[in-house]
Amino acid sequence: MKLVITMSRRFGTGASVIAKELSERLEIPVYDKAYIEQKLGEHEYETEAEAIRKLAEHPCIILGRCASDILKDRMNVLNIYVCAKKEDRIRRIMELENLSYEEAVSKVEKTDAERAAYYYEHTGKTWGDVNDYHMILDTSELGIENCADILMHYFEKANYI
């Protein structure tokens, strides 16, 4: 498989769970903010964009970091956007992080706003615009546990694997 998957997501959608499952099934690494920042801290790369372009030389999954825009001109890239109903995301964050409803609402709204601002600052585009993605997965409708299966089925049909 020569595919690079970028996965943008709203906070609390379960995208990291989907990415981890795909990583195991496809035997490719997942790179997230922490990993990329670590590589920058080790001075392996000068910018996040440089790190993402270098990582994308091999099959992988990249979570966030404007990777869909940075890699937009590459043929072997599939850009996925993961969303879910806000109430579902709030409930998930309450459970995962043992927060009150109000704390979870605040965290979801703050994180979404930060991600939108980051995306706009680095791309000049609106985060979550459907025109920037090949596929959108709504975990409220599809279920987090089903999304990796849906993607694997697509990869098989499209002869990626």
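**Entry 1: Trp127 and its rings**

I started at Trp127, which is buried at 9% relative accessibility. This is a predicted model, so I keep in mind that side-chain atom pairs count only at pLDDT 80 or more. Which ring does Trp127 pair with edge-to-face? I found Tyr81, with 6.1 Å from centre to centre and 80° between the planes. Tyr81 is buried too, at 5% relative accessibility.

Next I looked up where the two partners sit. Tyr81 belongs to strand S4, while Trp127 is in the loop between H6 and strand S5 (135–138), so the pair ties together parts that are 46 residues apart in sequence. I then added Tyr133 to my sketch, since Tyr81, Trp127 and Tyr133 make up one aromatic cluster. For the structure I noted six aromatic pairs.

One more ring went on the page. Arg65 lies over the face of Tyr118, and I wrote down 4.2 Å from the ring centre.

**Entry 2: the largest pocket**

I turned to pockets. The largest pocket holds about 620 Å³ of space. I listed 30 lining residues, and those closest to the pocket centre are Arg9, Phe11, Lys33, Thr111 and Arg115. Which elements give two or more residues to this lining? I got strand S1 (4–9) plus four helices by name: H1 (15–26), H2 (33–41), H5 (86–97) and H6 (101–123). I sorted the lining by class and wrote down 13 nonpolar, ten charged and seven polar residues.

**Entry 3: the second largest pocket**

I put the second largest pocket at about 170 Å³. Its lining has 15 residues, and nearest the centre I find Ser68, Lys72, Asn79, Asp132 and His134. Helix H4 (67–70) and strand S4 (77–83) are the elements that give two or more residues to that lining. By class I noted six charged, five nonpolar and four polar residues. Strand S4 is familiar from Entry 1, as it also carries Tyr81.

**Entry 4: cysteines**

How many disulfides does the structure hold? I counted zero. I wanted to know why Cys60 has no bonded partner, and the answer is distance: the closest cysteine sulfur, in Cys66, is 16 Å away, which is too far for a bond. For scale, the cut-off for a disulfide is 2.5 Å between the sulfur atoms.

Cys147 is in no disulfide either; I read 9.3 Å to the nearest cysteine sulfur, that of Cys83. Are these two cysteines buried or exposed? Cys60 is buried, at a relative accessible area of 0%. Cys147 is buried as well, with 0%.

**Entry 5: two spots in helix H1**

I finished in helix H1, which I had met in the lining of the largest pocket. Ile18 lies in this helix and is buried at 1% relative accessibility. I checked Ile18 against Thr139: 121 residues separate them in sequence, and their C-alpha atoms are 9.8 Å apart in space.

Ser23 is in helix H1 too. I have Ser23 at a relative accessible area of 15%, so it counts as buried, given that buried means under 20%. Against Ser100, Ser23 is 77 residues away in sequence, and the C-alpha to C-alpha distance comes to 32 Å.

Key:
Residues numbered from 1 in each chain as written. Predicted model: local features only at pLDDT ≥ 70, side-chain atom pairs only at ≥ 80, totals over all residues. Heavy atoms only, no water. 1 Å grid on protein atoms, 1.4 Å probe; cavity = no way out; pocket = protein on both sides within 12 Å on 5 of 7 lines; lining within 4 Å. Points joined across faces, edges and corners; volume = space filled by probe spheres on them. Nonpolar A, V, L, I, M, F, W, Y, C, P; charged D, E, K, R; others polar. Buried < 20%, exposed > 50% of the residue type's maximum accessible area, 1.4 Å probe, protein only. Phe/Tyr/Trp six-rings, centres within 6.5 Å; stacked < 30°, edge-to-face > 60°. Lys NZ or Arg CZ within 6 Å of the ring centre and 35° of its normal.
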